Amino acid sequence: SKITFEQGDRLGPFKGHKFHCIFSNPPYIKKKQDRPLVHTQVLKNEPHEALFLEDDIYDDWFISFFKDVDEMLLPGGAFFMEGHECHLDHLKVLAEVQTGRKVELFPDLTGRLRVLIMS
C-alpha cells in the first residue's frame with residue numbers, strides 16, 4: 001500500500017482529486033456565541049482564523065465544505081473531522097442532508113462528542 005499525505009487550506013488545492021480518507025480540523029467555534037467558552041490559553045496561543053467562524057456564515061461554510069468533501073471521497077472512502085461539542089449534532093444533520101452519506105459522532109477522551117465521521 002502507498003499513503004500520501006496532502007495538506008491545504010480547506011479543500012481548494014485538491015479540486016478534481018479523489019481520496020480514500022480526508023481528515024480535517026476546520027475552524028468550528030462560533031466567534032460570538034462560543035468565544036466565552038474558549039480557554040484563555042487557546043485564545044492567547046492559537047491563530048484565530050484556525051479557530052473561529054463568524055456566527056452568521058457558520059452553516060453556509062459547513063454546507064459548502066461537506067459538499068466539497070462528498071465530491072472528493074472515493075466510493076467506500078471516509079471523512080474524519082474534529083468539531084465543537086455544542087454544534088456537532090447540528091453539523092451531523094447538515095452533512096447527512098448535503099451528502100446522503102452515513103454520518104456518526106464519536107466522543108473524545110473526555111467523553112464529549114468531538115469527532116464527526118462520514119462514510
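What pattern does the chain follow when read along the sequence? It runs β-β-α-α-β-α-β-α-β-β, which comes to 4 helices and 6 strands. Keep in mind that this is a predicted model.

**Overall build**

The radius of gyration of the chain is 15 Å, close to the 14 Å that the globule rule gives for 119 residues, so the chain is as compact as a globular protein of that length. If you boxed up the C-alpha atoms along the principal axes, you'd need roughly 40 × 30 × 25 Å. Of the 119 residues, 37% are buried. The chain exposes about 7600 Å², and carbon and sulfur atoms supply 54% of that area.

How much of the contact network links residues 24 or more positions apart? Looking at contacts with a separation of 6 or more, such pairs account for 63%.

**Two pockets**

Here are the two pockets side by side.

| Pocket | Volume | Lining residues | Lining by class |
|---|---|---|---|
| Largest pocket | about 790 Å³ | 23 residues | 12 nonpolar, 6 polar, 5 charged |
| Second largest pocket | about 360 Å³ | 15 residues | 8 nonpolar, 3 polar, 4 charged |

Start with the largest pocket: E6, Q7, C21, I22 and F23 are the lining residues that lie nearest its centre. The elements that give two or more residues to this lining are β1 (19–24) and α3 (58–72). Which of them gives the largest share? That would be β1, with 6 residues.

Over in the second largest pocket, the lining residues nearest the centre are Y28, I29, V42, L51 and R114. Some of those names come back below, when we get to individual residues.

**Three residues to click on**

First up is E82, which lies in strand β4 (residues 73–82). Is E82 buried or exposed? Neither, quite: its relative accessible area is 28%, and since partly exposed covers the range between under 20% and over 50%, E82 falls in that class. Leaving out residues up to four places away in sequence, E82 touches S24, N25, P26, Y28 and R114. Two of those partners, Y28 and R114, are also among the residues nearest the centre of the second largest pocket. For a sense of scale, E82 and G12 sit 70 residues apart along the chain, and their C-alpha atoms are separated by 19 Å.

Next, take a look at D34, found in the loop between β2 (29–30) and α1 (40–45). Where does a loop residue like this end up, buried or exposed? D34 has a relative accessible area of 2%, and because buried means under 20%, D34 counts as buried. Its contacts, again not counting residues up to four places away in sequence, are I29, H84 and H87. I29 is another name from the centre of the second largest pocket. D34 and H48 are 14 residues apart in sequence, and in space they are 13 Å apart, C-alpha to C-alpha.

Last comes R10, in the segment before β1. What's odd about its backbone? R10 has a positive phi of about 55° although it is not a glycine. Most residues other than glycine have a negative phi. As for solvent, R10 is partly exposed, with a relative accessible area of 27%.

Methods
Residues numbered from 1 in each chain as written. Predicted model: local features only at pLDDT ≥ 70, side-chain atom pairs only at ≥ 80, totals over all residues. Heavy atoms only, no water. 1 Å grid on protein atoms, 1.4 Å probe; cavity = no way out; pocket = protein on both sides within 12 Å on 5 of 7 lines; lining within 4 Å. Points joined across faces, edges and corners; volume = space filled by probe spheres on them. Nonpolar A, V, L, I, M, F, W, Y, C, P; charged D, E, K, R; others polar. Rg over C-alpha atoms; globule rule 2.2 N^0.38 Å. Buried < 20%, exposed > 50% of the residue type's maximum accessible area, 1.4 Å probe, protein only. Contact = heavy atoms within 4.5 Å. Areas by Shrake-Rupley, 256 points an atom, 1.4 Å probe, with all protein chains shown as cover.
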